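Open the model in your viewer and keep the sequence panel beside it. Each stop below says what to select and what is there.

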Amino acid sequence: MKAITAALLTSLVASPLAAQGWIEPMPDGHPGFGVVKVRTAVSVRVTGRIARVEVEEWFRNDGRGLGEGDYLYPLPGEAVFSNFSLFQGDQELRGETMDADRARTIYEEIVRRKRDPALIELAGHGLIRARVFPINHGETRKITLRYTQVLERSGDALQFRYAAGGRYSHRPVEQLDRPIRRPSSSVPLTFRLVADNGSAYRDPFSPTHRVRVSREDGRLVVQPEGTLTGDFTLFLPFAESLVGITVATHRPAGEDGYFMLTLSPGRVEGSSQPRDVTVVVDVSGSMSGMKIEQAKSALRQLLGSLGSQDRYRLLAFSNTVAAQSQGWARPTRDQLQRARRWIDRLQADGGTNIAGALEEAFRLESAARRLPIVMFLTDGLPSVGERDPERIAEWAETHRGTVRVFAFGVGHDVNTYLLDRLSAAGRGTTEYVEPGEDVEQALSLLAAKIQHPVLTDLEIRDAPVSLLEIYPSVLPDLFAGEELVVFGRYRPTRRTHRGDVVVGGQRNGRGESYSASAAFPEHELGNDYIPRLWASRKIGVLAREIRLNGPNDELMDEIRRTALRYGLLSEYTSYLVQEPTDMANVPMGDRRNRDSGVSALASPSAQVGAVAVAAAEQARSRREAKSQMEVDAANEALLLRGHVAQTRHVAGRLFKEADGVWVDLHHKNTTQTVRVEPFSQAYFGVLRALPELESYLREFERVIVAGERVSIEVASGGVETLSARRLQRLVREFRTR
């Protein structure tokens, strides 16, 4: 547990050399140079497709004499910059811009001189450089950089990117008293983006960070929550159509690409699709006290969310099932008053007749143009009527028709197999409310989310490439105010990789389709958050499949392979405490015994209790992950549950230290390994030819990174030069099977 705690309690070592500007001392400057950055403020103003960026950075001279040097600011390679200006205080500086090729020489020279690879992530970036005036000892000076940037269009959205730095550098707590080889101060950074014509955009979203969105005097304001680190990506969806489609891609050399497709619904104008909403509430004896009072409050709030075209039914069950009305009710004033009086009279008593409640919930049919929804809440196991969860689930799947099912499990005495299977078949979700958590809040949030259907029965109808392994495979309904994010892989099928992505569905009983032009390039290293989010979705789907259908060697191995490949944790990867190649010699049966929680999933009736609820909630969070932060939170949850020993995650891969070398857990001892001398001609040659190695070489001094047919080790005693022919062969074997 000590290793687990240490892995969680990490300190972010954000190098000033990362992606903000820094002051580099002159080669023949004062030996006591000590100019450090103390804070950064970034403000962005978006007008049309132009972003005007202002970066203010404060530097303090903590050295022994005058601080003089060059201010360097790296330019993201994918952006188009113009009209830059640079000031030290009120005095304008004479700065120069360099393209990526010229800048690379400067970056590599600094890396060699300092033997610090913090700068190698900037290979391929341009550079602004200016000589700054001397800063006196103890003095703080502000440097201001202003530039304009043309925003890239991504489907029906504009995409903004900003590299804040400090993305991968983490050190465990037990290492904090050791010397470090790079600047250690974490520099505060504030960020604010304002779009002038706020009405032109729906609410922005970020797949990398949580953001706060507000609208002030017709302007749109976006700020990240907490400290901004790493590559920040923000999408500004246009508000011009009912459904906006955004497509972002990532494709490393030698493999299928990855894509993220986001559907952003606009505001519902006029009447939305009418719904038939059935709310089923457990009122057995175990619901007594605070739970029943919260459930009753939630029912009252839900009544207030009904539209004039909606219909509703209220059901309560214990030993028997009681309905507030036998047929559908309209949300008129009189009907709602009767419903509230019925809710007030609810009392918790008796057993739990889940089978009977579901039978009554599915009894009435809905017209084709109406969206049937069942919200089902229980805190117990079936104890009256049919008690076998598998038989109950099979009956529900056969008789539910087109009903969408959203289930809530309250506490730990619920059968996760039954609830997960109900929602999986019904295009819905299952949420587990921990003991002591607010039942009212959970129900109310869902009621607000599903208030206005925009499109139902969604499907991706066409794309210029072949789309593979899409998650979710069956698209849920699209509701106003809630982006739907889809992850998948793609494979080109013809010469052109650009064309329309077409999404279709039903709206008020009519078929509709929406399209957006998108590019699926042959090689794209931007948007590198996509593969890990795709892998998280895949692991969540496979984990649910195992929970619903029992342990399966093939699925469990696929979870392990995916977790290793993309630097993720799961309840089936506790073997990572072993050496990277140990598990190849461990029989499958022994592996399963080492995997925490798997045995508890052997039968549907056994999926009860805190462990089962935690595993089900973990799988749900994986399946629904929309941002890097959500994936990281899922990993931390597993660390706290003790499923894995200390490892280091960097850029989608997991590494474990062995004899001072950080070893990619995808590496096998039988794989050919090429050792390269750090900071040598061969080192920089490999880095230029394989830019995907930048994150790993920046993070580790000694490391082995696995490729397809060869692994690359960076350590003393390696080759110092590589011929062009040998380098070309190394690249080919690293990338292709």
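Is E139 buried, partly exposed or exposed? Its relative accessible area is 22%, so E139 counts as partly exposed. Keep in mind throughout the tour that this is a predicted model.

**Stop 1: E139**

Select E139 and show its surroundings. E139 is in the loop that runs between β9 (126-135) and β10 (140-150). Leaving aside neighbours within four places in sequence, E139 is in contact with F59, R60 and N61. Now add V35 to the selection. V35 is 104 residues from E139 along the chain, yet their C-alpha atoms are separated by 9.5 Å.

**Stop 2: a sheet of three strands**

Next, select β11, β12 and β17. These 3 strands form an open sheet in the order β11-β12-β17, and the pairing is antiparallel. β11 (152-153) and β17 are the edge strands, each pairing on one side only. Look at where β12 meets β17. Strand β12 (residues 157-163) is joined to β17 by 7 bridges, and the two run antiparallel. To find one residue pair there, select A163: its bridge partner in β17 is D231.

**Stop 3: aromatic rings**

Stay with β17 and show the side chain of F232. Which residues form a cluster with F232 through ring pairs? They are F160, Y162 and F191.

How are the rings of F191 and F232 arranged? The pair is edge-to-face, with 5.2 Å from centre to centre and 75° between the planes. F191 belongs to strand β14 (residues 189-195) and F232 to strand β17 (residues 231-237), so the pair links distant parts of the chain, 41 residues apart. F191 counts as buried, at 4% relative accessibility. F232 is buried as well, with a relative accessible area of 0%.

Now move to F655 and Y696. Their ring centres are 5.6 Å apart and their planes stand at 45°, so this pair is tilted. F655 lies in strand β33 (residues 653-658), while Y696 lies in helix α15 (residues 694-699), so the pair ties together parts that are 41 residues apart in sequence. F655 counts as buried at 0% relative accessibility, and Y696 counts as buried at 7%. The count for the model comes to 20 aromatic pairs.

**Stop 4: arginine over tryptophan**

Select R39 and W58, with side chains shown. The charged end of R39 sits over the ring of W58, 3.7 Å from the ring's centre. Then select R489 and W534. R489 lies over the face of W534, and the distance to the ring centre is 5.3 Å.

**Stop 5: a sheet of six strands**

Select β20 to β25. These 6 strands make an open sheet in the order β22-β21-β20-β23-β24-β25, with mixed pairing. Which strands stand at the edges? They are β22 (321-323) and β25 (430-433); each has a single partner strand, so one side of each is left without a neighbour in the sheet. From one strand to the next, the twist averages 15°.

Zoom in on β21 and β22. The two strands run antiparallel and are joined by 3 bridges. L315 is a residue to pick here, as its bridge partner in β22 is A323.

Now add the helices. Helix α4 (residues 333-344) packs on the sheet and touches β21 and β22. Its direction makes about 15° with that of β21. Helix α5 (residues 354-361) also packs on the sheet, touching β20 (275-282), β21, β22 and β23 (371-378). The direction of α5 makes about 165° with that of β21.

**Stop 6: D310**

Finally, select D310. D310 is placed in the loop between α3 (290-304) and β21 (311-317). Is D310 buried or exposed? Its relative accessibility is 5%, so D310 counts as buried.

Which backbone nitrogens lie 2.8 Å and 2.7 Å from a polar atom of the D310 side chain? The backbone nitrogen of R275 lies at 2.8 Å, and that of G307 lies at 2.7 Å. Not counting residues up to four places away in sequence, D310 touches Q273, P274, R275, A329, R330, P331 and R370. R275 is thus worth keeping in view: its backbone nitrogen faces a side-chain polar atom of D310 at 2.8 Å, and R275 is listed among the residues that D310 touches.

Key: Residues numbered from 1 in each chain as written. Predicted model: local features only at pLDDT ≥ 70, side-chain atom pairs only at ≥ 80, totals over all residues. Heavy atoms only, no water. Helix = DSSP H or I, 4+ residues; strand = E, 2+ residues; numbered from the N terminus. Buried < 20%, exposed > 50% of the residue type's maximum accessible area, 1.4 Å probe, protein only. Polar contact = N/O pair within 3.5 Å; in protein donor to acceptor, adjacent residues only side chain to side chain. Contact = heavy atoms within 4.5 Å. Pairing = 2+ DSSP bridges. Axes fitted to C-alpha atoms, helices over the stretch in contact; angles between N-to-C directions. Phe/Tyr/Trp six-rings, centres within 6.5 Å; stacked < 30°, edge-to-face > 60°. Lys NZ or Arg CZ within 6 Å of the ring centre and 35° of its normal.
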